[in-house]
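Please open the structure in your viewer and keep the selection tool at hand. The tour proceeds by stops, each with something to select.

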Amino acid sequence: MLNSARLHVLLEIARRGTIVAAAQALHLSPSAISHQLARLEQELGVALVERAPQSLRLTPAGQRLAEHAQAIADLMAVAQDDLRGHSAGEAGLLRLGFFASSGLELLPRALAVFAVQRPQVELELILGQPHELLPDLEAGRLDAAVVFEHPLDPWCRQAAVDVEMFFDEPQLVVVPLRHRLGQRATVRLAQLEGETWIGTRGGDTGEPVLERACAAEGFLPRVRCRSDHYQVTINLARAGMGIALVPALGLGDTAGVHVCRLDHPQLHRRIGVATRATNRNPLLRAFLTDLRAAAQEVGSLLETQWA
């Protein structure tokens, strides 16, 4: 394998024209330059320079190798600049997972700041439920995942994953405008027995939190349709097909429906971020700073709106 230091010596000889000038440029002695050049010729088995008493010129092989040496030097400079930007948190790749309703307000707030300050960073965004994203995070295919967790449906924590929770997001009841609860600000789950629901599909356990909560109240909800797209559930509620349990981040367009706060100690979502404890990506710390700021803003807005 060619020695990069010896290639640098040959490149300086090609640039400067003499061994003495190359030695001065590299802060070495002329004898050290001559030794490195001789070692390079010996390794390659070909003469690289023509020596005369008062001059030195590259052979065709030497000229060709000097061209390769220049290309290698250019590539190393590019690599050094790239890694310098990466280590400074100004360039590189950041891979983020997120759940759908966090992509409506929370994540865009964080990324708007992050992307403006770091235009050279490549972002890879993966949409999925927390139980779908966490295996990719553990395996190193994601740097971070914006996640939620239900008190009634907690997921198994892994030792390799750190979870930082930001705020509690209220679960809200969406009803048609002409519904009997259409004027109430807050309802209790027991008051909704006998209603027709537009439900969700549930997490990795397959049992939605609505069913768990209702069972604790002594009844099972009558579910007409299931969808994890909250605008679909709101539109169906608007059409009078039932009522829906929707997290505050997923509200979207609520024209034509009434939204009630649900009075229940365990029907809310904890919103946070999951990261891998061993992740050394320098971009991650900067993103987490922006995400925390965005979470504080969004959490305050939700608290004011639904207190």
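What follows is a guided tour of this structure, from the whole chain to single residues.

**The whole chain**

Begin with the entire protein chain displayed as a ribbon; please bear in mind that this is a predicted model. The ribbon contains nine helices and 12 strands. Turn the view along the principal axes: the C-alpha atoms fill a box of roughly 105 × 30 × 30 Å. How does the radius of gyration of the protein chain relate to that of a compact globule of 307 residues? Such a globule would have a value near 19 Å, but the protein chain has 32 Å.

Colour the residues by accessibility next. Buried residues account for 43% of the 307 residues in the chain. As for contacts between residues at least 6 apart in sequence, 72% of them join residues at least 24 apart.

**The nonpolar cores**

Select Leu-106, Val-174, Leu-251 and Phe-287, the residues with the most contacts inside the largest nonpolar core, which has 40 residues. Now add helix 9, residues 282-306, to the selection; the largest share of this core, 11 residues, comes from that helix.

Centre the view on Phe-287. Which residues is Phe-287 in contact with, leaving aside its neighbours within four places in sequence? They are Leu-94, Leu-96, Leu-107, Ala-110, Leu-111, Phe-114 and Ala-144.

A second core, separate from the one just visited, has 19 residues. To find this second core, select Leu-7, Leu-10, Ile-33 and Leu-37, which are among its members.

**The largest pocket**

Select Gln-129, Phe-148, Asp-228, Tyr-230 and Arg-269. Of the 33 residues lining the largest pocket, these five lie nearest its centre. Several elements give two or more residues to this lining: helix 6 (130-138), strand 5 (144-149), strand 8 (196-199), helix 7 (209-217) and strand 10 (243-247). The pocket holds about 580 Å³ of space. Colour the lining by class, and 14 nonpolar, 11 polar and eight charged residues will appear.

**The largest cavity**

An enclosed space is the next stop. Rolling a probe the size of a water molecule over the atoms shows where empty space is left. How many cavities of 30 Å³ or more are there? The count comes to one, and the volume of the largest cavity is about 40 Å³.

Select its lining: Leu-134, Glu-138, Trp-155, Cys-156, Arg-157, Gln-158, Val-161 and Val-163. By class, the lining comprises five nonpolar residues, one polar and two charged. Helix 6 and strand 6 (161-176) each supply at least two of the lining residues.

**Thr-275 and Glu-124**

Move to Thr-275, which belongs to strand 12, residues 268-276. Is Thr-275 buried or exposed? Thr-275 counts as buried because its relative accessibility is 12%, under the cut-off of 20%. Not counting residues up to four places away in sequence, Thr-275 touches Leu-137, Asp-143, Ala-144, Ala-160, Val-161, Asp-162, Leu-284 and Leu-288.

Then select Glu-124, a residue of strand 4 (121-127). With a relative accessible area of 34%, Glu-124 is partly exposed. Setting aside residues up to four places away in sequence, Glu-124 touches Leu-93, Leu-94, Arg-95 and Leu-96. Draw a distance from Glu-124 to Leu-137: their C-alpha atoms are separated by 13 Å, and the two residues are 13 apart along the chain.

**Three exposed residues**

Select His-27, in the loop between helix 2 (19-26) and helix 3 (30-44). His-27 has a relative accessible area of 73% and is exposed. Most residues other than glycine have a negative phi. The phi of His-27, however, is positive, near 60 degrees.

Gly-194 lies in another loop, between strand 7 (186-188) and strand 8. Its relative accessibility is 52%, so Gly-194 counts as exposed. The C-alpha atoms of Gly-194 and Leu-220 are separated by 8.7 Å, with their places 26 residues apart along the chain.

End at Thr-304 in helix 9. Thr-304 is exposed, with a relative accessible area of 68%. Finally, draw a distance from Thr-304 to Leu-56: these residues are 248 apart along the chain, and their C-alpha atoms are separated by 80 Å.

Technical notes:
Residues numbered from 1 in each chain as written. Predicted model: local features only at pLDDT ≥ 70, side-chain atom pairs only at ≥ 80, totals over all residues. Heavy atoms only, no water. 1 Å grid on protein atoms, 1.4 Å probe; cavity = no way out; pocket = protein on both sides within 12 Å on 5 of 7 lines; lining within 4 Å. Points joined across faces, edges and corners; volume = space filled by probe spheres on them. Helix = DSSP H or I, 4+ residues; strand = E, 2+ residues; numbered from the N terminus. Nonpolar A, V, L, I, M, F, W, Y, C, P; charged D, E, K, R; others polar. Core = buried A, V, L, I, M, F, W, Y, C linked by side-chain atoms within 4.5 Å. Buried < 20%, exposed > 50% of the residue type's maximum accessible area, 1.4 Å probe, protein only. Contact = heavy atoms within 4.5 Å. Rg over C-alpha atoms; globule rule 2.2 N^0.38 Å.
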